[in-house]
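Here is a short report for a reader new to this structure. Look through the sequence and the model, then read on.

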Amino acid sequence: ASTVYREIEEAAIARLSSDATVSAANVLTELLRLQQVAGGWVTTDDGRTVQVGTEKLDALMDLLEDLLAHEQRKVIVFCRFVPEIRAILDACRKAGIAAEGLYGETRDRGELVRRFQEEAEPRVMVIQIQTGGLGITLHRADTAVFYSTGWSLADYEQAKARGIQLTAAYGMSETCPLISCAHLNDELQAGSEDERISYRIKAGVPVPLVEAAIVDEQGNFLPADGETQGELVLRAPWLSMGYFKEPQKSEELWQGGWLHTGDVATLDGMGYIDIRDRIKDVIKTGGEWLSSLELEDLISRHPAVREVAVVGVPDPQWGERPFALLVLNEAGGLDAKGLKEHLKPFVEQGLINKWAIPTQIAVVTEIPKTSVGKLDKKRIRADISRWQAGGDAFLSTL
């Protein structure tokens with residue numbers, strides 16, 4: 001593994017050094033390959049601390065040290081989850097690398113990043129990616145490393161405008177963590193730009209030794225046609241065998257001899273995994289499944305929207321209806337009618353059905369998140385129920 005590690009590291013540095021004005025394209029892919037041969041990344045969460053596995057973190061630290069030593073420039077590391085940010089900052093301190101973090105509901109994010117980029121001292125800034133976009137503007141072409149996975153088209157377009165190419169990958173704590181990575185084969189490389197982008201932001205193709213399939217609620221296997229949705233199930237030699245002192249959950253995890261991810265996905269003929277939603281978050285309306293992730297992606301493309309969360313709320317006629325929670329930009333203004341007008345073209349393009357348009361939205365200053373930076377949809381549903389019962393004035397209804 002050490003030989004492969006050195007080859008990957010040297011290839012990544014060579015790619016970066018070839019053009020100092022270009023952000024670190026494909027570095028995430030190189031780190032994921034390294035992670036695969038080095039034995040994976042195990043995350044343990046006791047409710048207070050999260051320990052990031054040494055292989056992936058060590059690879060990142062070696063990359064940062066080489067960049068700062070050879071290029072004498074700043075490096076911005078993008079992460080989605082706060083525990084990862086803290087782990088990276090702690091590793092930087094131990095390595096004697098000047099580093100600072102920018103995460104949570106920090107005000108003046110753009111101004112802080114601008115000052116960081118203008119200072120002469122080579123150092124590192126670790127920034128939390130906000131839901132629906134990067135949340136900041138890069139004023140110069142510094143090196144950017146993405147220590148995260150799971151991208152929307154809005155994420156991709158914002159990054160591309162700043163000279164950054166995103167490549168998605170997929171995994172979870174129980175998979176230790178790598179399962180798949182976006183890879184464009186010769187057929188996809190020859191396709192249109194829109195087609196290439198659509199595959200770059202999917203979960204990708206399974207890495208060697210991983211079997212992937214989708215099943216229905218009864219455990220029956222579903223066709224890999226790129227359209228049929230089901231729960232993603234997995235097999236691989238390194239997957240977690242169960243949960244500590246939780247035999248019932250462990251049995252549910254491996255029901256039918258496959259690890260159940262809890263993710264709704266599709267598989268296509270090339271083996272590409274496309275994550276559509278979490279099973280617990282999918283919106284069931286009128287007998288149809290609506291993806292909250294897909295709606296969040298489309299809504300986030302509105303220029304006034306900074307963050308968005310979509311959940312299903314009870315409806316006596318349809319079972320559930322989508323409800324959108326929005327954080328707007330400072331100069332933004334949007335109500336339920338305006339959101340409907342924004343989503344109409346996507347209905348006409350066949351991307352969503354007309355009943356997927358939320359009939360009610362709430363504009364807030366902050367969207368609740370969990371301790372690891374994910375949208376706290378359980379709390380969001382409880383908040384919405386309370387607002388609806390009280391007839392709060394900031395709700396907008398069609």
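## Helix H10 and its surroundings

At the start of helix H10, the backbone nitrogen of Leu-293 has a side-chain oxygen of Ser-291 within 3.3 Å. A polar contact here is a pair of N or O atoms within 3.5 Å; within protein, one must be able to donate a hydrogen and the other to accept it, and residues adjacent in sequence count only if both atoms are side-chain atoms. Helices (DSSP runs of H or I, at least four residues) and strands (runs of E, at least two) are numbered from the N terminus.

This is a predicted model, in which local features need pLDDT of at least 70 and side-chain atom pairs count only at pLDDT 80 or more, while totals for chains, interfaces and linings use all residues. Residues are numbered from 1 along each chain as its sequence is written, and side-chain values use heavy atoms, with hydrogens and water left out.

H10 is largely enclosed by the rest of the structure, because seven of its nine residues are buried. Buried means under 20% relative accessible area, exposed over 50%, and partly exposed in between (1.4 Å probe, protein chains only). Among the buried residues of H10 are Leu-295, Leu-298 and Ile-299.

His-342 is in helix H11, residues 336-348. His-342 has 16% relative accessibility, so it counts as buried. A polar atom of its side chain lies 2.8 Å from the backbone oxygen of Leu-298. Leaving out residues up to four places away in sequence, His-342 is in contact (heavy atoms within 4.5 Å) with Leu-298, Ile-299, Arg-301 and His-302. On the same basis, Leu-343 touches Leu-298, Ile-299, Ile-352, Ile-357 and Pro-358.

## Nonpolar cores

A nonpolar core is a set of buried Ala, Val, Leu, Ile, Met, Phe, Trp, Tyr and Cys residues joined through side-chain atoms within 4.5 Å. The largest one has 21 residues, and Ile-299, Leu-339 and Leu-343 are among those that touch the most other members. H10, strand S16 (305-315), strand S17 (319-328) and H11 each give two or more residues to this core. H11 gives the most, with four residues. A second, separate core has 20 residues, including Trp-254 and Ala-265.

## Strands

Two strands pair if DSSP finds at least two bridges between them. The table lists three pairings.

| Strands | Sense | Bridges | One bridge pair |
|---|---|---|---|
| S3 (residues 75-79) and S5 | parallel | five bridges | Ile-76 and Met-125 |
| S4 (residues 99-102) and S5 | parallel | four bridges | Leu-102 and Ile-127 |
| S7 and S8 (residues 178-181) | antiparallel | three bridges | Ala-169 and Cys-181 |

Strand S5 covers residues 124-128, and five of its five residues are buried. Val-124, Val-126 and Gln-128 point one way from S5, while Met-125 and Ile-127 point the other way.

Elsewhere, three strands form an open antiparallel sheet in the order S7-S8-S9. S7 (169-171) and S9 (205-206) stand at the edges with a single partner strand each, so one side of each has no neighbour in the sheet.

## The whole chain

The chain has 12 helices and 19 strands. Of its 398 residues, 49% count as buried. Among contacts between residues at least 6 apart in sequence, 65% join residues at least 24 apart.

How confident is the predictor? pLDDT is its confidence in each residue, from 0 to 100. The chain averages a pLDDT of 76, and 72% of the residues score at least 70. Over residues 18-54, pLDDT stays under 50.

Definitions and conventions:
pLDDT is the predictor's confidence in each residue, from 0 to 100.
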